[in-house]
Structure formats: structure tokens, C-alpha cells
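Student: Could you take one part of this structure and walk me through it closely? I would like to see how its pieces fit together.

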Amino acid sequence: MYDAVVLDSDGVLVGLSGRETLAAAIDRTYRSFGIRPDENDRAALWVGTDPESVYAAADRHGLDPETVWTRRDQTVSQIEQAAIRAGEKHLHSDAAALNQVDASLAVASNNLRTTVEAVLEGHGLRDRVTSVRAREPRLASLADRKPAPTLLTGALSDLGVPPDRALFVGDGATDVEAAARAGVDAALLARPDHDPVEGVEPRHTIGSLADLPDVVQG
């Protein structure tokens, strides 16, 4: 049924990093500039922020916004990569089912490329995944985040697979929305402990990656 499967990384392949991980990275970023951040400063560099908020925070402290964001991204990636090496950012056990998927595999993630590559290398998946599309540590990359289809369509271009022959597997509403914008079928991964996702209509809903081989084969 599908020639390619594109997967999100966090929440699909590996568990989500805790809020304390991001908070520590943001505080470390500000401290590297000699700044003790307040809650407004932290919010400006949090997940889901926009460039305008980053610019405002940088302006408050007389800093270059691009430099601040790049250091933030690099610091987050360093902490997450350390967690992978320490065995603290685990691969979901059902990811073993990817070995049974008869299709090309790619990853499209809002996370940083360096982090996603570390996930794949650290968990023995790099040879199985043909394409990785993820963010680079620069402000402009925020425009590529899902629900924008940019990362997903880039992965399909790498694979040489048309949208109507591909499936995107994600665990959130933005994943389903990105798939719709790209003209790709979506499979919403809703594990038993998954928070409910409302307001979207994926083509498939699966409770585990173990269900994926049957979906791909149709």
C-alpha cells in the first residue's frame, strides 16, 4: 500500500525529553552570556516559540538573537545527546517492528538534526533510515516546523517517492496536519499512555509501531 514510511522521532522512536531537560538547557544558554533568566526569558526560548519572542528577549539583554538561538539549540542537543549515551533517552520497544516494514524509511522531526542523528546512531537505526529531515540550529529553521510540510516533503524528495505512496507516522496533531498539507496519509500513533489528540482526522490510528507492518502492506 505504501512505498515509504516517514516517522517523527520524539514520541515515536524515543521518549520525549522532560521539561527539566529543556529548562536546564535554556538556563545554561543564558548563563553563558552572564545572564540570570526570568520566566519571560525562559518562555522566549521554549518549544513552540516564534522568532519575534527570541528577538525581544535578545534585545532586552543587548544580545544578537541569532547567536542566542544557535547557542540554545546547540545546548539542548548536547544535553539530549548525553542522555542518549547514558541510556536515559530510551528507544521505544515497539520500534523493533520497523525491521518488518517493507518500505523505505525516513525521519522528519522538529528536533535538531544532530539530536535525531544521535538517536538513530545510538539505537542502531541509522542504516535502516534513508533520509533525515530535521532542524538546523538557526532561527530560520523555526519556519520549517510541523505543521508546515517542509520537512516531510523534503524527506519524500530524498526518497523519490510521491506523496500518494507515502505514510507519515506521528504522535501529535501537528504531525497529522503536516501530512495533510503534504498530501500524505497520516498514521496517528496513540500508545495506551498517550494524551488524547483531538481536532484531526488521520487516515490510520495505531496503538503501537507493531501495527505498522500491516498498515503498510494494506
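Tutor: What follows starts with the whole chain and then closes in on one part.

This is a predicted model, in which local features need pLDDT of at least 70, side-chain atom pairs count only at pLDDT 80 or more, and totals for chains, interfaces and linings use all residues. Residues are numbered from 1 along each chain as its sequence is written, and side-chain values use heavy atoms, with hydrogens and water left out.

First, the setting. The protein chain has eight helices and six strands. These are DSSP runs numbered from the N terminus: helices are H or I with at least four residues, strands are E with at least two. Read from the N terminus, the order is β-α-α-α-α-β-α-β-α-β-α-β-β-α. The radius of gyration is 18 Å, close to the 17 Å that the globule rule gives for 218 residues, so the chain is as compact as a globular protein of that length. That radius is taken over C-alpha atoms, and the rule is 2.2 Å times the number of residues to the power 0.38. Of the 218 residues, 48% count as buried. Buried means under 20% relative accessible area, exposed means over 50%, and partly exposed lies in between (1.4 Å probe, protein chains only).

Now the close look. Helix 4 (residues 65-85) packs against helix 5 (residues 113-122) at an angle of about 5°, with the axes 9 Å apart. Axes are lines fitted to C-alpha atoms, for helices over the stretch in contact, and angles run from 0 to 180 degrees between N-to-C directions. That makes helix 4 roughly parallel to helix 5. The cut-offs are under 35 degrees for roughly parallel, over 145 for roughly antiparallel, 65 to 115 for roughly perpendicular, and oblique for the rest.

Which residues touch? Helix 4 brings S77, E80, Q81 and I84, while helix 5 brings T114, T115, A118, V119 and G122. Contact means heavy atoms within 4.5 Å. By class, the residues of this contact are three nonpolar, five polar and one charged. Here Ala, Val, Leu, Ile, Met, Phe, Trp, Tyr, Cys and Pro are nonpolar, Asp, Glu, Lys and Arg are charged, and the others, Gly among them, are polar. A general point helps with such lists: an α-helix has 3.6 residues a turn, so residues three or four places apart point the same way.

Follow E80 outward. Its side chain is joined to that of N111 by a polar contact of 3.2 Å. Such a contact is a pair of N or O atoms within 3.5 Å; within protein, one must be able to donate a hydrogen and the other to accept it, and residues adjacent in sequence count only if both atoms are side-chain atoms. N111 sits in strand 2 (residues 104-112). N111 counts as buried, at 13% relative accessibility. The side chain of N111 also makes a polar contact with that of D10, at 2.9 Å.

V119 leads elsewhere. S9, in the loop between strand 1 and helix 1, touches V14, V107, S109, V116 and V119, its neighbours within four places in sequence left aside. S9 counts as buried, at 1% relative accessibility. H90 lies in the loop between helix 4 and strand 2. H90 and V119 are 29 residues apart in sequence and 9.0 Å apart in space, C-alpha to C-alpha. H90 counts as exposed, at 54% relative accessibility. The side chain of H90 reaches the backbone oxygen of G87 at 3.1 Å.
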